[in-house]
Every structure is written in C-alpha cells, then in structure tokens.
Number of protein chains: 2
Amino acid sequence: MDPVAAATPPERLLLGPGPSPVHPEVLAAQARPMIGHLDPWFLGVADEVAGMLRQVFRTQNTLTYAVSGTGSAGMETAVVNTVEPGDTVIVGVNGVFGGRIADTARRAGADVVALEEPWGRVVPPERVASALKAHPETKFVALVHAETSTGAHQPLEEVGALVAETDTLLLVDTVTGLAGVPLEVDAWHLDVVYSGTQKCLSVPPGLAPITFSPKAEAVVERRSSTVRSWYLDVEAVRRYWGAERSYHHTAPISALIGLHEGLRRVLAEGLETRWARHAEVGRLFQEHIQDRDATLLAQEGHRLPQLTSFGWPEGVDEGKLRRRLLDEHGIEVGGGLGTFAGTAWRVGLMGEGATHANVDRLLDAVDGLLER
Amino acid sequence: MDPVAAATPPERLLLGPGPSPVHPEVLAAQARPMIGHLDPWFLGVADEVAGMLRQVFRTQNTLTYAVSGTGSAGMETAVVNTVEPGDTVIVGVNGVFGGRIADTARRAGADVVALEEPWGRVVPPERVASALKAHPETKFVALVHAETSTGAHQPLEEVGALVAETDTLLLVDTVTGLAGVPLEVDAWHLDVVYSGTQKCLSVPPGLAPITFSPKAEAVVERRSSTVRSWYLDVEAVRRYWGAERSYHHTAPISALIGLHEGLRRVLAEGLETRWARHAEVGRLFQEHIQDRDATLLAQEGHRLPQLTSFGWPEGVDEGKLRRRLLDEHGIEVGGGLGTFAGTAWRVGLMGEGATHANVDRLLDAVDGLLER
C-alpha cells in the first residue's frame, strides 16, 4: 500500500447541525505538548474545566465533569447510571434525540413511556404532569431542551418545578442548547443534564459535559444493581474528577485542554451576551429564509435560534443544492434527519458561527445557486 | 469567579504507562481547521485511518475502526457487542486489565470463568485449553496481550490456533501492545482486538482502535438480544465507518486527524523497525535498572520491553522518589497499580519515548536522586 498523504482539510464554513466553527485559539490549545492525566498540573486543569462547566450550566453541583466521549456518550452516562432493570421512565419523543434516549433507556432495562409529539412540536408540560400521575414510580422524566433534528426549543422551567416535588429525576439533553439559549440547571431544578462540545460551545467534538444534582447523586448511590457500563460508571469516574484523583481511565488530555480554552472564551464573552447574540442572529436568518418561501419546521414560539430546520418549496432538490453549496462555496449545512430526510435543511448558527456576516454569506450563496 | 488563565503545560518527559510522548507533527494535526464528520473529505480521512489501522493490526478485517473513546471504551465495545446475558466467557486475570475485562463482562450479563494467575505471570495456554474443554459453549476467551499493570507479555499464537478450531472467539486487549511488540491479528486468528492511542502509537488519548474478524462479525449478527450500549453498538457504528456513511454519533474529528498523522509516522518507520526499537531500548533499561537492585515484576521470558514494572529495594520511598523525579527533572513515571501500589514503578518506553537518550536521562536522574 502506498504511503498516505498528510490530512489537510479544505476550508469550510460550518453552518450545519455541528460541528460548529472552532476558534484558532481553541485548535491551538489542542496542540499543546502532551502531559500525564495524573500530573498535578493537569488535575488543576481538570478542576478548572469542572469549575467553568458549573458556570456555564449555572449550577453548584459537585458532580460536574466532561464525559470521555461525544454527546451521545453523555446521554448514555445520564441513562445508565440512573436506570435499573425494570424501572419506568417517561421520555418526550418529538425528534431523533428523544427517540435515542428512549432506545438507550430500553437497552439499560427500562420500561419506556414515550410521550410522542409530532416532529417540530414541543412536549406540553401538562402531558408530563398527567404521565407522572399515571406512573408515580417513574425513575426519570427526560426531555430534549434543544432538538437538533427539528429546531424545537423545549421549555423546562414548569416541568422542573413539577418534577422537583416528586422522587422522580428530570433528565435533560442540551447537546445543542448549552451556551446558545438560556439554561438554568439549579434554578429550574434539572437533575441530570448533558451536552456536547461541538455546538454552541464551539469546541471540537469528543467530550460531553454533564452534571448531576445532589438528588440525582443520591439515586445513583442507592442503586441496588451494578451500572451496566464500566466506562461510563459515574461512581468510578468521580473518583478521578473528585478529591480522590484515582485512576479510572486515561482522560482525553488534548480534548480537555481544548475544552478549557473554549470555556474560557465562552465566559469571557459572558453567557447572557452569548445567548443574546444567538437569539439575534438566528431570528434574522429565520426571517430571511422565510422570505425565500422556506417553511420553518419548529413550532412558532418554540424555535431555537441556533438551529433552524426548514423545508424548501416544491421543486427544489435539497440534496443537490446542499452539495453545490459545499463544493462551490465551501459552506456546510445539514440535511434533514428521520422524517425530514430528503426535504429539509438544518442550518446551525452556533458559537463562533453565529454572526451576521455568516447569515449574509449563506443567503448570498443560496440565492446565487437558486437563480441558476 | 475570576477568569481562568490559559492552560500551558509544563515540559514533561513522559516515561510512565501512558500517555507517551507525542510528536509535534501529530499535535499540530490536532489543530487543523474543523470540518464536518460527514464531509466527503473527512470520510476519506476516516477510510485512510481504517486502512492504516489494518496495516498496524496486520489484518484484512473489514470491520476495523477507531472507537470514539479511550482504550477502556474499546474494551467495552469488544465485550458488549459479543456477550449476551447468560453467556459464559473465560478471562485470563493476571493484572488490573484482565480484572477489568471480567468486570465489564459481568456488567454485560456474562458468567465469568476467571483464569487467575499471580500478577506478573502470563496465562499458560494449557489452562485456556482445559477451561475451554470444561466450558465448550464459551462465547469468548479474553487475554491481555500487554498487561500494563505488570509488564507481562502474553503469548497468543498457540491459544489463537486452539480457539480457532472452536466456535468460541478470542478477544485480545493490546492497549499497550500495538506497534510496540509483534501482533498478527490474522495470522494468529485473533477475533476481537482493541488498543488505545496513547501508548506505542504515540498519539494523544481519546480513541480506541478496534478490529473484528469475520467470525466475530457473524457472532454479532446472530445476536438474539439488543446490545446493551447504544453508543458502542458496532452494528450501528459500522454504518458510519462502512459504505453507508450514515450518521450515528459525531466523530471526534480533531482526534481522528491526530491519529491519522500518528499512523502515518508509525508506517513510515515500519512496524518491524518499531518493534525492534522497542525491544532494544526496553531490554537496555531492564538490564540497567536491575543493576540498581530493582526487581522486575514480570516473569522472565515474558517481559514487555515497552512497559517495565519493578519493585525498589527496601528503604526506597517510591512515592517520594517519583514526585521528586517529576518536580526536579520533569520526568513522569508511573506508580504501581493494585497489588503493586506503593512499592513498584512502571516505566514506559513507548512510541516516541523509546530511545536510548531517554533511558540515559531517566537513569541519570534517578541515580542523582538516590544519592541524596
């Protein structure tokens, strides 16, 4: 076999559902010299990462860290540590990721009560309330804060208050939400919340920030069965992230140093400023794309600014248009997932990508392609 | 909270059990601009990574890829995809990592027949043969090729030939072995083999190369129960790594570009040359450390050159010595794990770290510290 040439990526503007554009300083941080995962210096970095994650999650939760895997590993960590075989869980399913939580929970041995809603809609708090009444022994209610497959923005505050009065946990997927739209883990009484790095944090994919409330920690501690995963077992992992500092698995050093730099940038901008920037840029794009006869797929009043899912009018070949956008303009957007595959686009204006200039560049390119 | 300063690591010479030193070109590859995980360019990189992994594993196996997690995620992938609840598995336990396979297999629902050997010794092929006779329905036999906790080098060829004649699979942990000592996946009839990146490949931690033989693929396809992990389910993951290219989870882009560069370097050196370099440098270190009254903990004739575990003579405070080596000389070595904690050192001369100059630097530093 001939030697393989070095991998030098072509230039891309990343306006899909993730990964989002990464600042050169964050990329440079990933190239810092290697160091041991038990080195006192690196343990300090891990502490700082956990501290900054607490700020971004708006929580005081002790058990806050980055799972050594992508957002879906965060989902699996949330599920397998709380579920025991035979448990009932209630899962809002209004897109791909709610479905994925349900699938993951079944594999962990749970009986899943799926609250299905049409794709693009959010799960009404009343549905959660009545499901909880019907299944009072439920281990957790799971909702997707930012449904990456549809662009729906799930309200959490009311459900949080409701679930807080029970022994049930509230599990939240905010892979695409964190640092893009308001999220208040403590104030909203969210118990297990996970995210990914490659969305509004603008850090390369590979880590999953996660946080467990004291209520969730107590549930994990009271388990009568062993967690089905060794790699994601939070009781073991927290002996590394906590004061004990004992070896569990080798932490992904470079990725964590990248995340450290990315979190520094998020906090330097300020969370509220970042939320406002996403809100403004996303609203602008949504206005303009509707001028081009596109139909937004998320329910009005519950649209994420950072991730817009829309259908093109009849006659537009979305796949061909998307490929030409990539080939001729170097701009990546996403196609539809599941129900929306082959008809929809997903445009992400996330993290470093959420700028007016990027909206202009995308619309100009699309207009040019549609004219021909 | 005050803003956190940028994380700039102190200079370290990494001679512990991992991570090993990483070449600047590999680090630089991790800082290349971000690109989408479904971008045609990146799919080409993923193909090249799989192709180079086949060369390093010495296999033609189609199902060869990098798991999106560290070596332990590779272990869990190997176990959860093959085990179904109630299966019997035979696991050689002669150190931490054999014990971890047994633990992971129990969590997946297996009945584990543990072939325990004293730490530092290898598992005799006859023991495997008689265990297989006693448990003919065994799903897999698992052995640790390179036991990172003891430095024992498990022979595999004879067991491979033996297991190949049965319906049982041979599962091999070569986290510390790959590219450091000879490994022949196809010629030795190994069925599920996983590794890590941060050992003899000299790539940062975060990915787990893995390969499944056609026999192992058939076992996975014949499962009657769903794999307990969503994240590590190989039937789903292979739709991304294979021709289908469908989305499963977002691949860790930067880490894979780093691995791509690291594999290029391994193959440019040549596998046999790299094995010989490890053998020579490791043997040299083992001779010299014994001159300092250290006791090698791995059984004679079965010592890994790349990872040496040894006990200091009475009166040497290993923890203090190790800390001074780090603080005063910037050299990291590892302490003992499990049985050997508090008495042993583990010295890794792996990948970029396996040089005569590093042996000299380590011994000079240790001699200086012991004199005082």
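**Exercise 1.** In which helix of chain A is A:Val359 found? Determine also whether A:Val359 is buried or exposed, and which residues A:Val359 is in contact with, leaving aside its neighbours within four places in sequence.

*Solution.* The structure is a predicted model.

Step 1. Helix α12 of chain A, covering residues 356-371, contains A:Val359.

Step 2. Within 10 Å of A:Val359 there are 22 other C-beta atoms. A residue is buried if this count is 20 or more; A:Val359 is therefore buried.

Step 3. Once neighbours within four places in sequence are set aside, the contacts of A:Val359 are A:Val281, A:Leu284, A:Phe285, A:His288 and A:Leu349.

Step 4. A:Thr174 lies 185 residues from A:Val359 along the chain, and their C-alpha atoms are separated by 24 Å.

**Exercise 2.** Establish how chain A can be laid on chain B, and describe the side of chain A that touches chain B.

*Solution.*

Step 1. A turn of 180° with a shift of 0.0 Å along the axis lays chain A on chain B, the RMSD being 0.0 Å. The two copies are thus related as by a two-fold rotation axis.

Step 2. Contacts between the chains involve 68 residues of chain A and 68 residues of chain B. On the side of chain A, the elements giving two or more residues are α1 (24-29), α2 (40-57), α3 (71-82), α4 (96-107) and α9 (253-269). The most comes from α9(A), with 9 residues.

Step 3. By residue class, this side of chain A divides into 34 nonpolar, 21 polar and 13 charged residues.

Step 4. Of the interface residues of chain A, 100% are also interface residues in chain B, so the copies meet through the same surface.

Note on methods: Residues are numbered from 1 along each chain as its sequence is written. Chains are lettered from A and ligands numbered from 1 in the order in which they are written. This is a predicted model: local features need pLDDT of at least 70, side-chain atom pairs count only at pLDDT 80 or more; totals for chains, interfaces and linings use all residues. Helices (H or I, at least four residues) and strands (E, at least two) are DSSP runs, numbered from the N terminus. A residue is buried if 20 or more other C-beta atoms lie within 10 Å of its own, exposed if 12 or fewer, and partly exposed in between; C-beta atoms are placed from the backbone. Two residues are in contact if their C-beta atoms, placed from the backbone, lie within 7 Å. Copies are superposed by least squares on the C-alpha atoms of residues with pLDDT of at least 70 in both. Ala, Val, Leu, Ile, Met, Phe, Trp, Tyr, Cys and Pro count as nonpolar, Asp, Glu, Lys and Arg as charged, and the others, Gly among them, as polar.
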